[in-house]
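Q: I'd like a close look at one part of this structure rather than the whole tour. Pick a single strand, go through it slowly, and then work outwards to its surroundings.

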Amino acid sequence: MDIELRNIHKRFGPIHANNDIDVRFSHGRIVGILGENGAGKSTLMKILSGFQPADQGDILIDDRIIDYSGPTAAIANGIGMLQQDPLDVGAFTVLENFIYGGAEGLSLQRAQAEARLSELSARFGFELDPHQPIDNLLIAQRQQLEIIRLLALGVETLILDEPTTGISAEQKDILFDALRRLAQDEGMIVLLVSHKLEDVIDLCDEVVVLRAGLMVGEMEMPLSDEHLTSVVIAETKQRLVTMMFGEELAAQSRPHYEIGAPVFSADALVAQDLRLDMQPISLTVHAGEVIGLAGLGGSGQELFMRACARLERINSGALRFDGVEITNASYRQLFRRGLVFGAAGRLEEGLIAGLTLTEHTALVADDKLQIDWKSVGERTAARIDHYRIRGRAADTIEQLSGGNQQRVLIGLLPDDPKLLILEQPTRGLDVDSARWIWTQLLERCGRGAAIIFNSSDLEELVTFSDRIFVFYAGRVHEVPDVEKTSIDELGHLIGGEF
Amino acid sequence: MKNPRAIGIRITFLLLPIAISLAIGAALVIAVGRDPLEVIDALWKGAFKDTRKIGGVVNFWIPLTLVSIGLVVTFRAGLWNIGVEGQMMMGALFASWGAQYIPLGESLAPLLHLLLIALAALGGMFWGAVVGALKIRLGVNEIFGGVALNALVNVISIYLISGPWQPRIGGSAQGTEPFPTPALLPEFSARFPTNIFMIALVIAAFLIVMVMLNATRWGLNLKAVGRNMRSALLLGVATERTSLSAFLVCGALAGIAGSYRVLFTFDNLRPLASGGIGFLGLLVVLLLSIRLLWVPLIAFAFAAILTGSTRLQIALQLDSSLAGVLQGMLVLFVILFHGVQEVFFPGTLADDDTVEDSATSVSSVVKENP
């Protein structure tokens, strides 16, 4: 199957998310879709996979114009998309999810489906127990299941949105092997939306770059075998960055601030969790300091951060903040004293769908009963300007793109917090936006704030942390000398080698 | 609302559910061998034939509007306050206690009325606070808590009526002895038998809640908590206090509504004195997708139809529950068509439609202190 997109246009209000996109994807090719946040790559992929219609333009499959609406229709036409958060049903088992959305008719034919599931997982080296509930699976396994499910539905084009977020290096190798085989052996088209340039260079045959809704370039990737030296990778990366941003980005370094007095300490803290065997964790954070928490998703770092912010139960141990014992305080009490927690899910935990930007500003403005809408309006305008948010004050928050929501969230943080506890503050953001967010955060460090954050991006951890703690299955290991740690070394620690 | 097509669709979706429920109602009437026009005539006469009748409509409108205003507040906070009926009843109980035991004579009647209304508000707040505390502290869903408390207050009222507050002669479970005259709210006149002070109170409550919801931090906090309690907490909103305050406000208004039932509509405490008005309030508010502005008007229409329906029995030998059937269908169809419009014509909804909608989904508990 070959796919051609012709003159695709899509507008969201004043934003031209896709502006006359013309592109062809040929069978057997793995194509990277690159672009900074808001460049329009997700929009394009959603149009192709039927999640939203284009305003204008045609989709051609094997040179025939195909008209479909809805993901089910797209799958019937052989196009399936793997979302960033796999769309599975938590309470179901692996097998039930595999069947779900598939066969017609009342009888589910479990035995047959199970055989098919085992056959497909064996072919790609996936380890999927058909009778495990989805809730027990790692993100990587849920992805594997979703891929197999789409294949069983007869998909010939597979779209993956940021598939390497939150999975280990080993799991990534398994995934990439499977994708290569799908393209080479079965002639499928694999489209990879990603910010991780290394992944794109490693996996893709060619790359399509979008910028501000326009297609700005196509590029063949170097062959992924022995020719892929570090010099070639670095050169390719630089060329891609130039295409994405229209300029070359200098290597990022961060200013280091004077480390002040302790602001926060955990003393033999044990957070309560049913799945993990959490070990006591002790940690002291000083003013101006940035603490990075590394680890695969679900290794205990998220739980620890939430326990520190008093959003999760504590089994034993003590917390001190700003000179006071806070083991039994509520989050709100801590918030009022300058401890702010920022969650990874923007619209789930952080922003409120249905409220406008102005209303968000008003919420965090002050405690007075009467809202001074005039000053709130001015403050909103100032924030939109300062934080370079693409959106209007009267827009509801869900109308903004993910990157802009993240900017709003950062903009809502108090100017002078004492401690910020941030879950994946740059998740899903492109290099430029991520840097910009860090500039904003580090400014606060310069004014004496401390930061505890976690990330699945090892480079981010190494670049911005003063100290790094690695979590593995509820245990913690402090990386001795961050200045001298390599990303490679950190990768091994995350795998539990300490 | 810029293009004519969208306006057309909006008007269609406003009128269509009304037309369909009227049509089905008419079909029902024809099926039992009556003329629908006769029914409309009877309803109209039953509600508006003279000022006495209109007074009856107003007497229904007062408590219905009060609870509906209160329910807008709890819905805004994402709470399904099914317990509103019990909060009315608890208000009625508190007012009944005061009416029997506060020894103020005829000369101090206005002061007594104020005291009784305040007591009723307190009673409603108390019962609302129990639902709120159960939800916030123990994670009991407010729907379950509300249903349980509704049942409980009914048991308490029957105990009081057949026990401590039993009439001295001929005691039964029918009701307490009539309250002393100074405690009863006076009629404006025999020709227009309603209480002017309460009407003023309803209007004041409407205006105050309107301002509080739309212009204050409290209103914004309610909205934030109702739409996403987790995010609201992380943004620094006192989520527990906000939820509780919604129950308190709704409870107070429901309690006052309850006092009107026992101090005016009846002259004593009876079992189920609240008369299902709290539940009817839920329908009024759902019909309006939680927009406060139209509450008094729709409550008036409901009150008129229900008051008028008593005449169906007398004039046409039709069961007066026909009016209830009509209202039920109307609410169902309005909600149904709202959903249809949302799915098939998402661009045509009024600005605040979608905003209020999701607040009617049941929210889960987010504790400030795990």
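A: One term first: two strands count as paired when DSSP finds at least two bridges between them. Keep in mind that this is a predicted model.

Let's take strand E7 of chain A, residues 157–161. All the way along, 5 of its 5 residues are buried, so the strand is largely enclosed by the rest of the structure. "Buried" here has a cut-off: 20 or more other C-beta atoms within 10 Å of the residue's own. In a regular strand, side chains alternate between the two faces of the sheet. For E7(A), A:Thr157, A:Ile159 and A:Asp161 are on one side, with A:Leu158 and A:Leu160 on the other, and both faces are covered.

Now the neighbours. Strand E6 of chain A (residues 79–82) runs parallel to E7(A), joined to it by 4 bridges. If you want a spot to zoom in on, A:Met81 has A:Ile159 as its bridge partner in E7(A). Strand E8 of chain A (residues 189–193) is also parallel to E7(A), this time with 5 bridges. There, A:Asp161 is partnered by A:Val193 in E8(A).

Moving on to another part of chain A, there's an open sheet of 4 strands in the order E12-E11-E14-E15, paired antiparallel. Strands E12 (281–286) and E15 (324–325) of chain A are at the edges with a single partner strand each, so one side of each has no neighbour in the sheet. E12(A) shares 5 bridges with strand E11 of chain A (residues 262–271), and A:Phe264 stands opposite A:Val285 in E12(A). Helix H9 of chain A (residues 301–308) lies across E11, E12 and strand E14 (314–321), at about 120° to E11(A).

That facing pair turns up again around A:Leu419, which touches A:Phe264 and A:Val285, and whose other contacts include A:Phe321, A:Leu339 and A:Ala450. A:Leu419 is also among the residues with the most contacts inside the largest nonpolar core, a group of 174 residues; A:Ile451, B:Leu64 and B:Val284 are others on that list. Helix H10 of chain B (residues 239–265) gives the most to this core, with 14 residues. A second, separate core of 60 residues includes A:Ile21, A:Ile99, A:Ile201 and A:Cys204.

For a covered helix to set beside the strand, try H13 of chain A (residues 402–412), where 10 of its 11 residues are buried. Among them are A:Asn404, A:Gln405, A:Gln406 and A:Arg407, as well as A:Val408, A:Leu409 and A:Ile410. The cover over those buried residues includes strand E16 (339–342) and helices H11, H12 (373–386) and H14 (431–446) of chain A.

H11 brings us to the partner chain. In total, 27 residues of chain A are in contact with 23 residues of chain B. On the side of chain A that touches chain B, helices H10 (331–336) and H11 (357–365) of chain A each supply at least two residues; the largest share, 4 residues, comes from H11(A). By type, that side of chain A divides into 15 nonpolar, 4 polar and 8 charged residues.

Across the interface, chain B comes to 14 helices and 0 strands. Its radius of gyration is 21 Å, close to the 21 Å that the globule rule gives for 370 residues, so chain B is as compact as a globular protein of that length.

Conventions: Residues numbered from 1 in each chain as written. Chains lettered and ligands numbered in written order. Predicted model: local features only at pLDDT ≥ 70, side-chain atom pairs only at ≥ 80, totals over all residues. Core = buried A, V, L, I, M, F, W, Y, C linked by C-beta atoms within 7 Å. Buried ≥ 20, exposed ≤ 12 C-beta atoms within 10 Å, placed from the backbone. Contact = placed C-beta atoms within 7 Å. Nonpolar A, V, L, I, M, F, W, Y, C, P; charged D, E, K, R; others polar. Rg over C-alpha atoms; globule rule 2.2 N^0.38 Å. Axes fitted to C-alpha atoms, helices over the stretch in contact; angles between N-to-C directions. Lists of a residue's contacts leave out its neighbours within four places in sequence.
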